[in-house]
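The following exercises concern a single protein chain. Please study the sequence and the model before attempting each task, and compare your reasoning with the worked solution.

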Amino acid sequence: MKIEYSQNKLHDYLECPRRYELKYQLQQIWPAVITEPVLQHEEFIKNGKTFHLCAQQFFLEIDPQLIKDQIENPLVLSWWNRFLEFAFPLLSLQHQAEVIVQTRINQSSFIGVFDLLVYIPGEKFMIIDWKTNHHKPKRNSLKDHTQTRLYPLLLTEAGAAWNNGQRILPYQIEMIYWFTNQPDSPESFQYSEQQYQLDKEYFQNLINEIESRKPNEFPLTEDQRYCKFCNYRSLCGRGIKPGLIDEWDEMDDEFLFEEILDIDMNQIAEISF
């Protein structure tokens with residue numbers, strides 16, 4: 001079965017090859033609780049979805065007051081007020097929210113969804129991602145994360161539509177994370193030709209590794225901290241009780257909860273290459 005590789009899928013593989021096999025290749029349904037308390041987790045997911053939708057509406061140039069009026073949760077409202085200070089200056093530049101970018105590298109298909117792309121054709125291209133994490137991850141965790149490496153690579157390979165038909169050069173790309181809980185401290189990563197070459201080789205090798213594995217050759221993770229937040233833990237004999245949300249704060253990155261946010265494909269403008 002051919003798989004279209006996204007940062008979520010590749011991140012799952014890097015954390016636990018067996019989770020990747022169960023989730024994407026075998027499409028195994030295993031309805032276990034991911035984390036506790038359940039209601040708090042569900043509220044967190046709901047708030048993240050609401051905020052991302054509001055941000056998308058803002059960059060579709062819907063009246064910010066109309067957007068604000070639909071926000072019922074006080075926490076999301078506080079995020080929204082912080083967001084406006086960061087977002088308003090970006091409206092003066094060309095931008096596109098929630099777009100799908102697809103490309104092929106060798107024989108493998110890759111896909112990414114940018115929360116926002118802000119650009120000056122021929123000069124500058126900023127991939128901006130909104131994060132509603134409880135706590136801001138360490139910079140090294142962000143730097144090495146699959147999303148930070150894959151998204152600029154995708155834009156280099158498949159971004160000509162935003163650059164008057166010309167290939168975007170790696171040094172023109174910047175990846176920016178903006179955090180609702182630390183709005184004054186975004187993290188920025190400037191791309192480069194050297195990083196592009198490293199990332200292209202890295203993902204090619206990673207896909208070769210994945211596709212060379214035969215069924216039941218996908219090992220369980222050696223870091224059992226991840227098992228606490230995996231719905232397959234009981235299937236794999238790695239425990240029954242889910243981890244607590246507060247326990248996740250002890251780990252370096254918190255992309256897990258954001259990665260399970262569903263994307264409404266009907267609300268996204270798709271651009272394929």
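**Exercise 1. A pair of strands**

In which sense do strand 5 and strand 6 pair, and over how many bridges?

Solution. The model under study is a predicted one. Step 1: locate the two elements, strand 5 at residues 173-179 and strand 6 at residues 182-190. Step 2: determine their pairing, which is antiparallel and runs over five bridges. Step 3: find a facing pair of residues; Met175 stands opposite Phe189 of strand 6. Step 4: trace the connection, a hairpin of two residues that leads from strand 5 to strand 6.

**Exercise 2. The chain as a whole**

Determine how many helices and strands the protein chain holds, and what share of its residues is buried.

Solution. Step 1: the count of elements gives 10 helices and eight strands. Step 2: the chain has 273 residues, of which 49% count as buried. Step 3: consider the contacts with a separation of 6 or more; 70% of these join residues 24 or more positions apart.

**Exercise 3. Helix 1 and its surroundings**

Why can helix 1 be called largely enclosed by the rest of the structure?

Solution. Step 1: helix 1 covers residues 7-15, nine residues in total. Step 2: the buried ones are Gln7, Lys9, Leu10, His11, Asp12, Tyr13 and Glu15. Step 3: seven of the nine residues are thus buried, so the helix is largely enclosed by the rest of the structure. Step 4: examine a residue that touches this helix. Thr146 lies in helix 7, which spans residues 146-158. Its contacts, apart from residues up to four places away in sequence, are Gln7, Leu10, His11, Leu14 and Phe203. Thr146 has a relative accessible area of 3%; buried means under 20%, so Thr146 is classed as buried.

**Exercise 4. The largest nonpolar core**

Which residues of the largest nonpolar core touch the most other members?

Solution. Step 1: the core has 36 residues, and Leu10, Phe110, Leu155 and Ile210 touch the most other members. Step 2: list the elements that give two or more residues to this core: helix 1, helix 2, strand 2, strand 3, strand 4, helix 7, strand 5 and helix 8. Step 3: the greatest contribution comes from helix 7, with six residues. Step 4: a separate core of 22 residues lies apart from this one and includes Cys54, Phe59, Trp80 and Trp130. Step 5: return to Phe110, whose contacts beyond four places in sequence include Leu10, Val101, Leu150, Phe203 and Ile207.

**Exercise 5. Two helices in contact**

At roughly what angle do the axes of helix 7 and helix 8 cross?

Solution. Step 1: two packed helices are described by the angle and the distance between their axes. Step 2: the axes of helix 7 and helix 8 come within 10 Å and cross at roughly 105 degrees. Step 3: angles from 65 to 115 degrees count as roughly perpendicular, and helix 7 and helix 8 are therefore roughly perpendicular to each other. Step 4: identify the residues that meet. Helix 7 supplies Thr146, Arg149, Leu150, Leu153, Thr156 and Glu157, while helix 8 supplies Gln195, Tyr196, Leu198, Asp199, Lys200, Tyr202 and Phe203. Step 5: by character, the residues of this contact divide into six nonpolar, three polar and four charged.

**Exercise 6. Two partly exposed residues**

How far apart in space are Gln94 and Pro121, C-alpha to C-alpha?

Solution. Step 1: Gln94 lies in strand 2, residues 94-105. Step 2: Gln94 and Pro121 are 27 residues apart in sequence and 8.7 Å apart in space, C-alpha to C-alpha. Step 3: beyond four places in sequence, Gln94 is in contact with Leu117, Val118, Tyr119 and Pro121. With 43% relative accessibility, Gln94 is partly exposed. Step 4: treat Lys23 of helix 2 in the same manner. Lys23 and Asp12 are 11 residues apart in sequence, and their C-alpha atoms are 9.0 Å apart. Lys23 touches Asp12 and Tyr232, residues up to four places away not being counted. Its relative accessibility is 35%, which again counts as partly exposed.

**Exercise 7. Positive phi values**

Is Glu98 buried or exposed?

Solution. Step 1: most residues other than glycine have a negative phi. Step 2: Glu98, which is not a glycine, has a positive phi of about 50 degrees. Step 3: Glu98 lies in strand 2 and is buried, with a relative accessible area of 8%. Step 4: Asn216 also has a positive phi, near 70 degrees. Asn216 lies in the loop between helix 8 and strand 7 and is exposed, at 66% relative accessible area.

Key: Residues are numbered from 1 along each chain as its sequence is written. This is a predicted model: local features need pLDDT of at least 70, side-chain atom pairs count only at pLDDT 80 or more; totals for chains, interfaces and linings use all residues. Side-chain values use heavy atoms; hydrogens and water are left out. Two strands pair if DSSP finds at least two bridges between them. Helices (H or I, at least four residues) and strands (E, at least two) are DSSP runs, numbered from the N terminus. Buried means under 20% relative accessible area, exposed over 50%, partly exposed in between (1.4 Å probe, protein chains only). Contact means heavy atoms within 4.5 Å. A nonpolar core is a set of buried Ala, Val, Leu, Ile, Met, Phe, Trp, Tyr and Cys residues joined through side-chain atoms within 4.5 Å. Axes are lines fitted to C-alpha atoms, for helices over the stretch in contact, and angles run from 0 to 180 degrees between N-to-C directions. Angles under 35 degrees count as roughly parallel, over 145 as roughly antiparallel, 65 to 115 as roughly perpendicular and the rest as oblique. Ala, Val, Leu, Ile, Met, Phe, Trp, Tyr, Cys and Pro count as nonpolar, Asp, Glu, Lys and Arg as charged, and the others, Gly among them, as polar.
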